[in-house]
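Reader: I am new to this structure and would be grateful for guidance on how to read it. May we take its features one at a time?

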Amino acid sequence: MNMMKGKKSTAAARKRNPAAKKAILGKFDILFVLVVLGGIIFAAINFRLTFDSKTSALSREAQSIQREINVLEREIIYFSTQRESLKSWPHIRKKIAQFNLPLRLPSPAQTYRMTVHYENNGLNRIEMFAYQTADNSSNGSQFGSKTRYVNQ
Amino acid sequence: MLTSNDAVKTRIYLVAFVLGGLFIYVALRLYNVQVVRHEELYKEAKKQYTAQRTKTGKRGEIRDIDGNLLIGNVPVTRIIADPCNIETELQARRLAMLLNWDFGLNYAECYKDLTKKTRLKKLSDGREIEVERRYTLLVREVEFKEAEMFRKKLEINDIPGVYFNHYYKRYYPKNHLLANVLGFIGWRGIEPTSAETTMPETVKEIYEVDRAGLRLHYGDGRQEEVRDGEHIYLTVSEPIQSILEEELDKVMEKWKPKTAYAIMADPRTGNIMAIAQRPTFNPNNRQKMDSNSWRLKAIEDSFEPGSVMKPMVVAGALDFGLVTPQTKFDCENGVWIYKNRSMRDTHPEKMLSVANIIKHSSNIGTAKIGLQLGEKRLDHILRSFGFGQNTGIPVKPETRGQYLPLNKWDGLSITRFPIGYGVGVSPVQILRAYCALADGGNLRKLRLIDHVEDPETGKIIVSPIEPPVRIYRNPQLANQIVSLMVTVTEPGGTATKAAIEGYDVAGKTGTSRKWQAAEKQYSYNKSFATFAGFVPAHDPAFALVVVVDEAVGSIYGGTVAAPAFREIASRTLKYLDIKPKHEPVAPEPAVSRTTEVKPQPHPRKVAAKPHVPKASPTKPVPEKNAKKFIPIDDSYYRRHYRQNPGNR
């Protein structure tokens with residue numbers, strides 16, 4: 001009985017006492033701070049988790065892209081070696097025979113050499129040299145040079 | 001009797017005691033874990049969240065002087081499976097079927113292998129326990145395309161537990177081309193000799209992984225980049241190499257010899273331009289290699305060269321001033337007895353000048369020149385041309401030949417060495433000596449590696465061209481000996497079949513009968529037929545040696561090796577665009593792709609028809625033939641190419 005009375009009197013006293021009122025408000029302040037802190041911690045953890053999961057996802061994606069790059073790299077090397085095989089003379093010779101292609105090396109008389117000279121007037125001078133005879137050429141190797149000017 | 005306050009107190013003490021006990025336990029446990037067992041547990045944990053792997057770069061490539069690939073790396077895959085990860089029987093059946101379809105493996109064996117999930121492991125105490133079987137090799141060295149196709153099939157069929165282990169395998173894209181020189185690891189050739197340069201770096205990479213085994217972006221993992229091996233560029237030119245090999249194939253077909261080899265070098269640099277041997281092998285398929293084709297005989301073997309030695313002896317005699325091209329020697333009508341041993345000439349003559357001794361390849365004449373030189377001078381001459389020494393080619397093993405020191409010469413050496421008997425030389429030594437003859441007496445080391453390139457930095461290290469050793473005391477002599485050698489391929493010489501129209505060919509035939517050890521005499525029908533020379537004679541683009549061992553049908557260098565020399569040389573001259581010295585050439589009509597190819601007349605014959613006015617330096621040149629730069633427009637090209645579409 002006494003205890004009940006005591007309790008009632010305490011509650012009544014709080015209602016009346018402004019200091020007690022302030023203390024209760026202070027308790028709410030702490031609660032508020034705790035809630036805010038909790039919220040911040042929750043947000044931080046949540047952010048961290050999201051960040052980690054996104055990083056992991058990105059990491060996985062990067063690894064799959066890396067795998068694709070590796071495959072492409074290997075493919076490039078594979079095709080470049082294939083190209084080398086195809087452009088080897090024994091292979092070309094086989095194909096020439098297969099398709100009966102009338103190909104042959106030109107004699108040196110049939111070859112032209114083209115040189116491009118840069119000139120100050122803004123033109124490139126293209127010269128073509130064709131070998132003809134030793135008799136009609138003093139140096140015996142060039143004859144009938146053709147020159148053509150083209151814009152740079 | 002306890003009051004309620006006492007009861008509360010007791011409960012509080014009890015809870016405090018339990019909590020205190022727990023706290024102490026946790027603290028002790030923490031101390032144990034964090035301090036006492038720290039090292040042990042840290043290692044164990046690290047083992048779980050870190051992974052390590054060994055990374056190896058690619059081996060350096062070997063290319064020709066123009067960058068054409070000769071040895072490269074091709075990606076291949078090793079396919080392995082974890083039988084414990086293959087969950088159902090159906091998956092195992094499907095996988096076995098795919099292996100059967102794609103790689104021709106036996107279905108039943110594959111299925112049995114894939115469904116065997118345990119194996120017996122022998123412990124150190126001798127007991128055997130059953131453990132999980134996590135590895136089985138399915139296929140090795142699967143080509144890139146096949147592996148990728150197989151991987152896609154696995155994805156479609158949803159088969160787990162199959163892993164692909166990618167790596168690179170050495171690959172020779174040109175197959176037989178230059179095979180003996182390139183060689184392979186564990187054998188001979190450039191590949192093992194330069195392994196230190198081409199070998200990549202291997203690094204161990206440690207990184208942290210997540211629960212799924214994927215690499216973490218953070219953590220203290222070390223990531224090291226591997227370094228690929230350096231690329232080697234040879235002095236060899238692939239197109240010229242192809243010409244040599246093709247012509248050697250023709251020699252093999254026509255003369256059915258035991259072996260044939262041809263080597264070409266640039267006399268001004270010592271660069272080996274091509275080196276071919278028959279029989280050879282395909283380095284991509286070594287199971288079919290036969291023992292006769294493995295070795296690089298042009299470098300490893302020596303033979304008695306025969307008459308190809310004569311130009312060096314004559315050059316030495318001219319240089320010492322003991323003879324001139326006009327000095328005559330008595331050639332004894334083809335038979336000469338010296339120290340109770342006979343010597344014969346194929347073309348018997350009484351008196352021959354030094355020039356004709358070379359032209360007709362007189363053994364007696366050359367032996368007498370040797371006698372005139374004396375042993376000391378002869379030894380000096382032969383050594384100065386590089387006999388008995390390494391040539392500088394970076395391929396091992398290389399023979400130095402059999403060249404006796406002067407104190408071991410017998411009385412006959414002085415007459416036998418000048419004609420190429422009694423000495424053993426390798427074809428590359430002959431080539432080196434001919435390069436010296438072609439380059440005015442400058443003896444150079446032969447080069448096979450031109451430069452080495454770092455694939456990452458692009459840095460190039462050029463293998464140096466060492467200054468030559470000057471052989472001749474009198475440099476003007478060079479032209480004399482070359483002119484004498486040109487007569488060999490001219491009408492009346494021993495190698496008219498080596499002549500190339502439009503060019504001066506300097507060379508010398510060699511026919512050396514093989515020594516039969518069992519019969520203790522030289523064979524009548526087995527010989528080395530050789531031709532060595534250079535073209536154009538006075539401005540050489542290359543020196544070439546052709547050696548045919550035991551040709552069937554003829555034994556002579558002039559019949560067997562000289563035509564091969566001509567074919568190789570004329571095709572190489574065309575490829576190198578070396579203009580003929582003295583003959584006019586008119587453009588040939590263009591050949592349509594659909595027309596049949598007819599044998600083309602030689603430029604000399606073709607050019608004889610159209611008359612081209614001569615340009616005299618004293619008379620004014622007619623306008624239409626004037627040599628001057630004419631600015632031309634597009635119409636010229638259109639007109640020109642329409643008329644001669646093939647003439648570009």
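Author: Let us begin where a helix ends. In this predicted model, helix α9 of chain B is followed by B:Lys256, whose phi is positive, near 45°.

Reader: How many residues does helix α9 of chain B have, and what should they span?

Author: A helix can be checked by its rise, at 1.5 Å a residue. Helix α9 of chain B covers residues 238-255, which is 18 residues, so a span of 26 Å is expected. The C-alpha atoms at its ends are 25 Å apart, in agreement with that value.

Reader: Which residues of α9(B) are buried?

Author: Burial is judged by how many other C-beta atoms surround a residue, with 20 or more within 10 Å as the cut-off. In α9(B), the buried residues include B:Ile240, B:Ile243, B:Leu244, B:Leu248, B:Val251 and B:Trp255. Polar names appear as well, among them B:Glu238, B:Gln241 and B:Ser242.

Reader: What covers the buried residues of α9(B)?

Author: The cover includes β10 (259-266), β11 (271-278), β22 (542-549) and α19 (557-576) of chain B, together with α3 (89-99) of chain A.

Reader: Which residues touch the most other members of the largest nonpolar core?

Author: A core is read through its members and their contacts. The largest nonpolar core has 142 residues, and B:Ala262, B:Ile263 and B:Tyr434 touch the most other members. Helix α17 of chain B (residues 427-438) gives the most to this core, namely 9 residues. At least three residues come from each of domain 2 (55-230) and domain 3 (238-281 + 296-576) of chain B.

Reader: What does B:Ala262 touch, leaving aside residues up to four places away in sequence?

Author: B:Ala262 touches B:Leu244 and B:Leu248, and also B:Ala276, B:Leu544, B:Val545, B:Val546 and B:Ile568. B:Leu244 and B:Leu248 are among the buried residues of α9(B).

Reader: How far apart do the C-alpha centres of domain 1 and domain 3 of chain B lie?

Author: The assignment gives domain 1 of chain B as residues 16-52. Its C-alpha centre and that of domain 3 lie 84 Å apart.

Reader: What is the mean pLDDT of chain A?

Author: Where pLDDT is low, the predicted coordinates should not be read in detail. For chain A the mean is 73, and 64% of its residues reach 70 or more. Residues 1-6 of chain A fall below 50, and this stretch has 0 contacts beyond near neighbours in sequence. Residues 131-145 of chain A are also below 50, yet that stretch has 35 such contacts in the model.

Reader: In what order do the elements of chain A run?

Author: From the N terminus, the order is α-α-α-β-β-β, with 3 helices and 3 strands. Of the 152 residues of chain A, 7% count as buried.

Methods. Residues numbered from 1 in each chain as written. Chains lettered and ligands numbered in written order. Predicted model: local features only at pLDDT ≥ 70, side-chain atom pairs only at ≥ 80, totals over all residues. Core = buried A, V, L, I, M, F, W, Y, C linked by C-beta atoms within 7 Å. Buried ≥ 20, exposed ≤ 12 C-beta atoms within 10 Å, placed from the backbone. Helix = DSSP H or I, 4+ residues; strand = E, 2+ residues; numbered from the N terminus. Domains from an automatic or database assignment. Contact = placed C-beta atoms within 7 Å. Expected span 1.5 Å × (residues − 1). pLDDT = per-residue confidence, 0-100.
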